[in-house]
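I opened this notebook to look up where oppositely charged side chains pair up, and how much of each partner can be reached from outside.

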Amino acid sequence: MSMNIPDTDQKRVVVVGGGFAGLALVQALRRSGLQIVLIDKHNYHMFKPLLYQAASSQLNAGDIAFPFRKAFRSQRDFYFRMAYIESVDTDRKTLRTTIGEIRYDYLVLATGCVPNFYGLDDVRKEALAMSNLTDALNIRNRILRNFELAVTAPTEEERRARLNIVIVGGGASGVEIAGALAEMKRFVMPRDYPRLDMSHMNICLVEGQDRVLPAMSEKTSAAALRILERKGVKVLLNRRMTGFENRRAQFDEGEPIETCNLIWTSGVKCSTVEGLPLSSRQRAGRLAVDEYNRVKECPDVFAIGDLALMHDDPAYPEGHPQLARVAISQGKCLARNLQRIAEGKQPKAYRYRNRGVMATVGRNHAFVEWGKLQFGGFVGWLAWSLVHIMFLLGIQGKINVFWGWVWNYFGHDLPIRLIVGPYEQPRKE
């Protein structure tokens with residue numbers, strides 16, 4: 001196979017990954033005079049902060065995804081290719097992919113993260129992660145399918161297992177989906193399944209540390225915990241998962257929890273990029289980069305976003321947090337630096353300016369921390385909603401998400417309760 005990309009006198013920038021970092025980079029290079037090649041295993045950009053809403057039947061998958069070819073169809077000297085990367089040859093300056101090799105002048109790696117199961121193979125086989133659209137649809141399918149199976153369950157024990165949901169990881173993703181599922185339990189499922197006793201459905205959020213939302217302040221964590229418990233979520237702190245067997249989630253302390261719905265939001269790691277020096281690989285697979293996001297020992301290879309681990313920023317000596325705002329700002333900064341490098345100028349060091357963090361725990365409850373400014377409740381929820389609408393791609397996506405939220409808010413309904421895909425034969429225990 002061939003990439004079918006013309007060789008020209010332009011410098012070629014090959015970008016691997018179309019997440020927040022890669023997207024920001026390509027957008028900022030729109031009028032750079034460089035040839036831009038974007039490679040991704042999907043043909044769309046996914047708005048990951050709203051992934052939990054697709055998993056909990058609040059939004060269509062298409063509402064939070066936008067095709068690359070549509071996003072950049074008016075951009076000159078831009079090429080998109082859907083492929084997986086296999087290895088890098090830094091001496092020949094080529095990238096090997098599943099559809100062939102491509103030469104680069106500058107290679108930018110923005111591949112993001114994948115779930116980290118910390119060697120728990122039995123958990124990896126059973127748990128549903130939440131890192132892409134397929135994962136979100138799988139979570140939605142499994143929960144809804146288990147509700148259908150609970151209706152005809154022959155025993156009370158099996159019915160409880162079908163209805164119970166265990167979420168491992170009390171960070172933003174775990175808290176957000178726990179809150180969303182608690183509202184589904186309260187407002188939607190009693191009307192759809194009037195003959196099921198909703199008291200049999202338990203939503204358990206398990207966190208290995210002593211508080212939820214550990215990246216936010218202790219005050220915010222305590223408030224989020226109170227709201228989750230008020231919504232009926234059972235929060236188990238200082239618990240670490242040790243295994244999964246016979247429909248039972250096992251932990252280092254306490255009794256196992258029987259469930260057919262195990263959701264994993266506990267940790268992430270970065271996939272290994274073959275061909276890069278071993279010295280550039282850091283903890284959880286991240287790549288060590290200098291203040292210009294250049295991979296150590298690789299002068300023409302750069303890493304941005306979750307993949308990059310920069311120790312040169314005085315404000316973040318242990319590396320920047322793996323947040324969308326960091327990824328976007330690194331993409332924009334690197335775009336300016338690539339133009340400077342192509343013009344023979346000295347690049348400028350990247351410095352991250354903290355724009356704050358946000359998390360929501362369902363309707364009317366969100367938390368915002370912007371430096372010393374901290375607020376929550378309904379005002380925080382409005383701020384959270386506005387920021388997320390602003391960063392969505394495309395007018396149609398913004399409208400769909402906005403009206404979906406309005407409908408869900410006033411109607412207490414989730415219109416996307418569809419089980420899609422092939423029929424899953426229930427396992428016999």
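I searched the whole structure, which is a predicted model, and the search returned 17 salt bridges.

I then looked at one of these pairs, D300 with K93, whose side chains meet in a salt bridge with an N to O distance of 3.3 Å. I noted that this pair links distant parts of the chain, 207 residues apart, since D300 lies in the loop between β20 (287-289) and β21 (301-303), while K93 lies in the loop between β6 (85-89) and β7 (94-97). I checked the accessibility of both partners: D300 is partly exposed at 24% relative accessibility, and K93 is partly exposed as well, with a relative accessible area of 23%.

My next entry concerns D105 and R103, which form a salt bridge whose closest N and O atoms are 3.2 Å apart. Here I asked whether D105 is buried or exposed. I found that D105 counts as buried because its relative accessibility is 14%, under the 20% limit, whereas R103, at 31%, counts as partly exposed.

I turned after that to E126 and R142, whose side chains meet in a salt bridge at 3.4 Å, N to O. This pair also links distant parts of the chain, with E126 in helix α4 (residues 121-126) and R142 in helix α5 (residues 133-151), 16 residues apart. I recorded E126 as buried at 11% relative accessibility, and R142 as buried with a relative accessible area of 16%.

Finally, I followed shared partners and found that salt bridges join D7, R12, R103 and D105 into one network.

Note on methods
Residues numbered from 1 in each chain as written. Predicted model: local features only at pLDDT ≥ 70, side-chain atom pairs only at ≥ 80, totals over all residues. Heavy atoms only, no water. Salt bridge = Lys/Arg side-chain N within 4 Å of Asp/Glu carboxyl O. Helix = DSSP H or I, 4+ residues; strand = E, 2+ residues; numbered from the N terminus. Buried < 20%, exposed > 50% of the residue type's maximum accessible area, 1.4 Å probe, protein only.
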